[in-house]
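Hi there,

Here is the structure I promised to pass on. Have a look at it first, and my notes follow underneath.

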Amino acid sequence: LCRIVQFAKEEMKANVSCIIGHSKGTAAVLKYASEHDTEDQETKYVNLAGYYYGGLRGWLVGHSSHSVVQKIQHGRVLTIHGDNDYNVAVAHAHKFDEALPSENHRLEIIKGADHY
């Protein structure tokens, strides 16, 4: 993801203002956010029905979701999750909501929406 964003900015002269991850793809987006978190950051991140991995069941080289989101202090994150999602329980969205700083996170639960 880092190389894709870098290519978009440098080669395409694009303003990358939002990065979206769906389901397991949210892990890459939030890991990117945690590694590029600065006070002057303008990029927004969207977590669509993302998995919240905890403890020893970590992802992306052993990182748990909790250890990654704790590093996001400035980036704005929007979590969107359907309450009818049978692939990733809506409880995952609530775990992200608890872990991210409230001033930088917004949780939207969509009534009747599924995973896709």
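Leaving aside its neighbours within four places in sequence, which residues is valine 90 in contact with? Please keep in mind as you read that this is a predicted model.

The contacts of valine 90 outside that window are His81, Gly82, Asp83 and Ile109. You will find valine 90 in the loop between strand S3 (76-82) and helix H4. One of those partners, isoleucine 109, is 19 residues away from valine 90 along the chain, with 8.0 Å between the two C-alpha atoms. Valine 90 has a relative accessible area of 25%, so it is partly exposed.

**Helix H4**

After that loop, have a look at H4 itself, which covers residues 91-99. Its buried residues are His92, Ala93, Phe96 and Ala99. These sit on the same side of H4, because the arc they cover around the axis is only 125 degrees. The general rule behind such a pattern is that an α-helix has 3.6 residues a turn, so residues three or four places apart point the same way.

**Helix H2**

H2 runs over residues 25-35. Eight of its 11 residues are buried, so H2 is largely enclosed by the rest of the structure. The buried residues are Thr26, Ala27, Val29, Leu30, Lys31, Tyr32, Ala33 and Ser34.

Lysine 31 deserves a second look. With a relative accessible area of 19%, lysine 31 is buried, the cut-off for that being under 20%. Lysine 31 also forms a salt bridge with glutamate 35, where the closest N and O atoms are 2.6 Å apart. The two residues are four places apart in H2, so about one helical turn separates them.

**The other salt bridge**

How many salt bridges does a search of the whole structure find? The search gives two. Besides the pair in H2, the side chains of arginine 106 and glutamate 108 meet in a salt bridge, at 2.8 Å from N to O. Arginine 106 counts as exposed, at 51% relative accessibility, while glutamate 108 is partly exposed at 29%.

**Two positive phi angles**

Two residues caught my eye for their backbone. Lysine 13 is not a glycine, yet its phi is positive, at about 55 degrees. Lysine 13 belongs to the loop between helix H1 (2-10) and strand S1 (18-22), and at 69% relative accessibility it is exposed. Serine 23 is also a residue other than glycine with a positive phi, in this case near 60 degrees. Serine 23 lies in the loop between S1 and H2. Is serine 23 buried or exposed? Its relative accessibility is 11%, so serine 23 counts as buried.

**The largest pocket**

Lastly, the pocket. Rolling a probe the size of a water molecule over the atoms shows where empty space is left. The largest pocket has a volume of about 220 Å³. What lines the largest pocket? On the list are Lys9, Asn15, Val16, Ser17, Tyr32, His36, Thr38, Asp40, Gln41, Glu42, Thr43 and Tyr45. By type, the lining has three nonpolar, six polar and three charged residues. Tyr32, one of the lining residues, is also one of the buried residues of H2.

Happy browsing, and best wishes!

Definitions and conventions: Residues numbered from 1 in each chain as written. Predicted model: local features only at pLDDT ≥ 70, side-chain atom pairs only at ≥ 80, totals over all residues. Heavy atoms only, no water. Buried < 20%, exposed > 50% of the residue type's maximum accessible area, 1.4 Å probe, protein only. Arc of directions from axis to C-beta. 1 Å grid on protein atoms, 1.4 Å probe; cavity = no way out; pocket = protein on both sides within 12 Å on 5 of 7 lines; lining within 4 Å. Points joined across faces, edges and corners; volume = space filled by probe spheres on them. Nonpolar A, V, L, I, M, F, W, Y, C, P; charged D, E, K, R; others polar. Contact = heavy atoms within 4.5 Å. Salt bridge = Lys/Arg side-chain N within 4 Å of Asp/Glu carboxyl O.
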